[in-house]
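Here are a few exercises to work through with the model open in your viewer. Try each task before you read its solution.

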Amino acid sequence: MTRRGRILAWTGGVLGVLLLGTAGVGAWVYQHLDGNIHGVDIGVDGARPVNLSPGSKNILVVGSDSRAGANAKYGRNLTTMQSDTLMVLHIAANRKWATALSFPRDSWVQIPACTRGNGSKSSPHHFKINEAFSIGGDSGDIRKAAACTIKTVEKNTGLRIDHFTSVDFQGFKGMVNALGGIEVCPQHAIHDKKAHLDMAAGCQNVRDEKALGYVRTRYSVGDGSDLGRIGRQQEFMKALGAKAQSKLTSPGELYDFLNSATKSLTTDSALAGIKPLYDLAATVKDIPTDRLTFLTVPNYYREADVPTDKANVVWQYPQAGRLFSDLAHDREIGAAGKQKLAEAAKNPVTAHAVQVRVLNGTGVPGRAASAADQLRKLGFTVVGTGNAPATDKTTVSYPAALKTQSEVLSSRLPGTKATESAGAAPGAVTLTIGPDFPAEMP
């Protein structure tokens, strides 16, 4: 697969590559495809992260399984829009590298207050990250669905999102069908009623409902986690991009593919249209293959922190925090960084393994107790609370033996740096609450 294809396959994006083959097909075709793309004005309210790397681009990509119209059969009594795949494509300011970062849909994160379809506000709370799309899209308004998803990703990562794009189920099937299907090679037979999939083991060409079922299947493959599904989706999209490029010399198949892709595509207003997408393709066409990195946010099963939760994952800190910071500052992760994340994932330091002593430095009664409650909900082990001299800033201190544990805690508090202290209580990390301590920890 070419360099350009691997990147753009992930932005719904095969589209941008294939636009190179539409030159000369006629103004009517161009106008028709351009008119297919649905652009929306997305207003994200509230405080947003500062853009720390002007010139770079963060594109939020959502695979939408809205249950409206032809998609209704994939879920009963689902009146809201659904998000099935979520990732951020970071394109470096110098256009010499890019990182595609996937978020497991079962990620347990803070969902900020969002505007619902009827204009009311939801309350901040913790839940699966994909709920943000359905909160904003509870009336089918993709603008609000996109706005709530952007707010949630920005809140939990600190990344400033520049663009948004969404591809729905039916458009995905149309793209696959226009290419004559995609070859997949499952090692075991798959029987998944929820994904409407019955598939024998071995290599085979899939299209239509079977292709959609393959990328959606979860519970009947491997350990049934969303993490395995992310891997299958990544491999399928790479194959989709490769086959799409092989059709550049077939005008009929190319047009059918582009027609399906553009019909299924919704973007923010600035990215809507053939020309903006073509321009995006042009900016990344020279990125070498070995400088395009595919990552999933490092995570582990939340059950390790909260034994009753067997359905969600939490992000692994401090690794996730460092990853977000690197992208925010436009620092390349690369193969070495990816390998380092893989090694750390083998033995994560869980929140439950971090013992925390919480001290109140605000002078306001009850702040240590409320902070301790937040920490317990996130899985941390609180060993005591108390008061401290007044401070204007939240701090984390630790004895020398607990450096890693202190980093796990401080990385959950953006702007807070852990410092070693000879006077720190042995066996625990000390969190001293200042007036800047957040009302809700991410």
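Keep in mind that this is a predicted model.

**Exercise 1. Find which strands helix 14 lies across, and give its angle to strand 18.**

Start at helix 14, which covers residues 403–410. Look for the strands in contact with the helix: you should land on strand 16, strand 18, strand 19 and strand 20. Now compare directions, and helix 14 turns out to run at about 165° to strand 18.

Next, try helix 13, residues 367–377. Helix 13 lies across strand 16 (355–360), strand 17 and strand 20. Its direction makes about 155° with strand 16.

**Exercise 2. Work out the strand order of the five-stranded sheet and say which strands stand at its edges.**

Step one is the order: the sheet is open and reads 17-16-20-18-19, with mixed pairing. Step two is to look at the two ends. Strand 17 (381–387) and strand 19 (418–420) each have a single partner strand, so one side of each has no neighbour in the sheet. Step three is the twist: on average, neighbouring strands are turned by 25° against each other, ignoring direction.

Now zoom in on one pair. Strand 18 (residues 395–398) and strand 20 (residues 429–433) are antiparallel and share three bridges. One spot to click on is Thr395, whose bridge partner in strand 20 is Thr432.

**Exercise 3. Do the same for the seven-stranded sheet: what is the strand order, and which strands are at the edges?**

This sheet is open too, with the order 1-12-7-2-3-4-13 and mixed pairing. Strand 1 (38–40) and strand 13 (292–296) are the edge strands, each pairing on one side only. From one strand to the next, the twist averages 20°.

For a pair inside the order, take strand 2 (residues 57–64) and strand 3 (residues 83–91): they run antiparallel and are joined by eight bridges. Gly63 sits opposite Thr85 of strand 3. Then add the helix that packs on this sheet, helix 11 (residues 319–328). Helix 11 touches strand 3, strand 4 (98–102) and strand 13, and its direction makes about 140° with that of strand 4.

**Exercise 4. How many disulfides does the whole structure hold, and which parts does the link of Cys114 and Cys148 tie together?**

A search of the whole structure turns up two disulfides. Number the bonded cysteines in sequence order and the pairing comes out as 1-2, 3-4.

Take Cys114 and Cys148, with an S to S distance of 2.1 Å. The angle about the S-S bond is 80°, and the link is right-handed. Cys114 lies in the loop between strand 5 (108–111) and strand 6 (125–128), while Cys148 is in helix 5 (residues 142–157), so the bond ties together parts 34 residues apart in sequence.

**Exercise 5. Are the cysteines of each disulfide buried or exposed?**

The cut-offs you need are under 20% relative accessible area for buried and over 50% for exposed, with partly exposed in between. Cys114, at 2%, is therefore buried, and Cys148, at 1%, is buried as well.

Now move to Cys185 and Cys203, whose sulfur atoms are 2.0 Å apart. The torsion about their S-S bond is about 105°, so this disulfide is right-handed. Cys185 is in the loop between strand 8 (182–184) and strand 9 (190–192), and Cys203 is in the loop between strand 10 (197–199) and strand 11 (204–206), 18 residues apart. Apply the cut-offs again: Cys185 has 41% and counts as partly exposed, whereas Cys203 has 52% and is exposed.

Key
Residues numbered from 1 in each chain as written. Predicted model: local features only at pLDDT ≥ 70, side-chain atom pairs only at ≥ 80, totals over all residues. Heavy atoms only, no water. Pairing = 2+ DSSP bridges. Helix = DSSP H or I, 4+ residues; strand = E, 2+ residues; numbered from the N terminus. Axes fitted to C-alpha atoms, helices over the stretch in contact; angles between N-to-C directions. Contact = heavy atoms within 4.5 Å. Disulfide = S-S within 2.5 Å. Buried < 20%, exposed > 50% of the residue type's maximum accessible area, 1.4 Å probe, protein only.
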